[in-house]
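Q: Can you justify the labels put on this structure, one by one? Take the cut-offs where they are needed.

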Amino acid sequence: MKEQLEGLRVQALEELKTLESPKELEDFRVRYMGKKGSVTGLLRGMGALPAEERPVMGQMVNQLRQELEDAVTEKSQAVQAALQKEQLAKEKLDVTMPGKKTASGGLHPLNVVLDDIIDIFQSMGFDVIDGPEVETDYYCFQALNVPEDHPARDMQDTFYLTDNLLLRTQTSAAQARTMETAKPPIRVICPGRVYRADEVDATHSPVFHQIEGLVIDKGVTMCDLKGVLEQFAHEIYGEDTQIRFRPSFFPFTEPSVEVDVTCSACGGKGCRVCKGAGWIEILGAGMVHPRVLEMGGIDPEEYSGFAFGIGLDRLTTTRYKISDIRLLFENDLRFLEQFDR
Ligand code: DAH
């Protein structure tokens with residue numbers, strides 16, 4: 001039995017050396033020292049020994065048990081320490097490393113300028129409204145005094161979706177809708193995308209942006225139009241900016257004007273931005289045609305109004321001296337990042 005005991009001791013200690021995890025150690029403990037374990041089994045087998053040998057053997061078995069318990073405890077501590085070291089190495093944090101910058105988005109230059117424009121008109125009491133980009137022929141043309149087959153249709157090259165549906169060529173369509181639903185006094189702007197079947201070049205894009213304005217009330221005159229646009233120009237380009245009206249034609253306004261501002265790059269002397277003219281055209285405007293008021297259900301005898309359509313892309317390219325309108329639509333981050341604010 002002594003030999004058996006010694007054999008067990010050697011085997012157990014050898015085995016213990018190979019164990020690496022707390023789970024293996026616990027299994028080991030059960031296998032040797034548990035109720036059905038090998039060491040416990042030796043104690044039970046002592047019944048077969050002669051009575052005088054039992055105390056000696058009992059002591060030896062208990063010694064072995066104690067020795068193994070101690071060895072397991074020691075190994076356990078070593079395993080724990082190793083695990084902790086590994087964990088710490090894994091979680092190592094170098095606080096001296098440079099931080100990583102999170103890239104956050106910025107506003108597109110068109111939106112920067114649009115936000116400014118909205119602020120200006122809101123401070124003058126205008127509401128901001130929205131209109132559909134897929135529009136009916138009626139709101140885009142007929143209600144704006146452009147009947148079917150009228151030559152004025154040639155002014156805008158239209159993308160038709162069906163005979164009756166089209167991509168709006170002008171935010172003026174929102175004017176016609178507003179008149180039908182709102183009662184004067186009306187003071188709104190409608191910013192949005194518009195579409196025309198134009199060849200793409202440095203100053204033309206099949207999609208671009210306009211901001212429509214519409215004011216209708218009793219006794220509204222051309223002076224009001226001029227005052228509002230002058231205020232607008234001063235806030236956008238500075239107090240020294242002058243505006244001028246040139247006679248023009250739009251089917252939905254009478255009289256109609258095109259509005260220029262003195263070039264902000266050269267102050268009116270003439271430079272590359274204004275192509276030497278000293279002036280830059282920024283919008284079309286006029287007094288709402290009585291027939292347009294009538295079609296919108298507003299009595300032209302009682303009310304009058306003015307309207308304007310600002311070209312947002314033009315305003316943006318001149319403000320930032322951007323030489324090619326296509327840059328606004330390519331979404332090249334290297335370009336866009338310059339306008340981040
Ligand atoms: N819709 C016109 C265009 O796209 C611009 C315009 C001119 C709008 C005169 C107006 C206006 O409201 O009164 O060319």
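A: Start with helix α10, residues 312–319, in this predicted model. Six of its eight residues are buried, so the helix is largely enclosed by the rest of the structure.

Q: Which residues of α10 are called buried, and what makes them so?
A: They are Leu312, Asp313, Leu315, Thr316, Thr317 and Thr318. Buried means under 20% relative accessible area, so each of these has a value under that cut-off.

Q: What covers the buried residues of α10?
A: The cover includes helices α5, α8 (222–237) and α11 (327–330). It also includes strands β5, β8 (279–288) and β9.

Q: What follows α10, and what is the sign of its phi?
A: Lys321 follows α10. Its phi is positive, near 55 degrees.

Q: Why are β1 and β6 said to stand at the edges of the sheet?
A: The open sheet has seven strands, in the order β1-β4-β5-β9-β8-β7-β6, with mixed pairing. β1 (127–128) and β6 (243–250) each have a single partner strand, so one side of each is left without a neighbour in the sheet.

Q: How do you know that β6 and β7 pair?
A: Two strands pair if there are at least two bridges between them. β6 and β7 (residues 253–262) have seven, in the antiparallel sense, so they count as paired. One of the bridges joins Ile243 to Val261 in β7. The two strands form a hairpin, with two residues between them.

Q: Which strands does helix α5 lie across, and at what angle does it run to β4?
A: Helix α5 (residues 109–123) lies across β1, β4 (186–195), β5 (207–217) and β9 (304–311). It runs at about 165 degrees to β4.

Q: Why is Asn145 called buried?
A: Its relative accessibility is 11%. The cut-off is under 20%, so Asn145 counts as buried. Asn145 is found in the loop between α6 (137–140) and β3 (165–167). Leaving aside neighbours within four places in sequence, it is in contact with Pro251, Phe252, His289, Arg291, Val292 and Met295.

Q: What makes the pair of Asn145 and Pro251 a polar contact?
A: A polar atom of the Asn145 side chain lies 2.9 Å from the backbone oxygen of Pro251. The limit is 3.5 Å, so the distance qualifies.

Q: Why is Gly238 called partly exposed?
A: Its relative accessible area is 24%. Buried needs under 20% and exposed needs over 50%, so Gly238 falls in between. Gly238 lies in the loop between α8 and β6. Ser264 is 26 residues away in sequence, and the two C-alpha atoms are 8.3 Å apart.

Q: Which residues are closest to the ligand?
A: Of the 16 residues that surround the ligand, the closest are Gln170, Ser172, Arg196, Gln210 and Glu212.

Q: How do you know that Ser172, Arg196 and Ala307 make polar contacts with the ligand?
A: A polar side-chain atom of Ser172 lies 2.9 Å from a ligand nitrogen. An N or O atom in the Arg196 side chain is 2.7 Å from a ligand oxygen. A polar backbone atom of Ala307 is 3.1 Å from a ligand oxygen. Each distance is within 3.5 Å, so each pair counts. The protein covers 92% of the 350 Å² of accessible area that the ligand has on its own.

Technical notes
Residues are numbered from 1 along each chain as its sequence is written. This is a predicted model: local features need pLDDT of at least 70, side-chain atom pairs count only at pLDDT 80 or more; totals for chains, interfaces and linings use all residues. Side-chain values use heavy atoms; hydrogens and water are left out. Helices (H or I, at least four residues) and strands (E, at least two) are DSSP runs, numbered from the N terminus. Contact means heavy atoms within 4.5 Å. Axes are lines fitted to C-alpha atoms, for helices over the stretch in contact, and angles run from 0 to 180 degrees between N-to-C directions. A residue is near a molecule or strand if one of its heavy atoms lies within 4 Å of it. A polar contact is a pair of N or O atoms within 3.5 Å; within protein, one must be able to donate a hydrogen and the other to accept it, and residues adjacent in sequence count only if both atoms are side-chain atoms. Accessible areas come from the Shrake-Rupley method with a 1.4 Å probe; for residues, only the protein chains shown count as cover. Buried means under 20% relative accessible area, exposed over 50%, partly exposed in between (1.4 Å probe, protein chains only).
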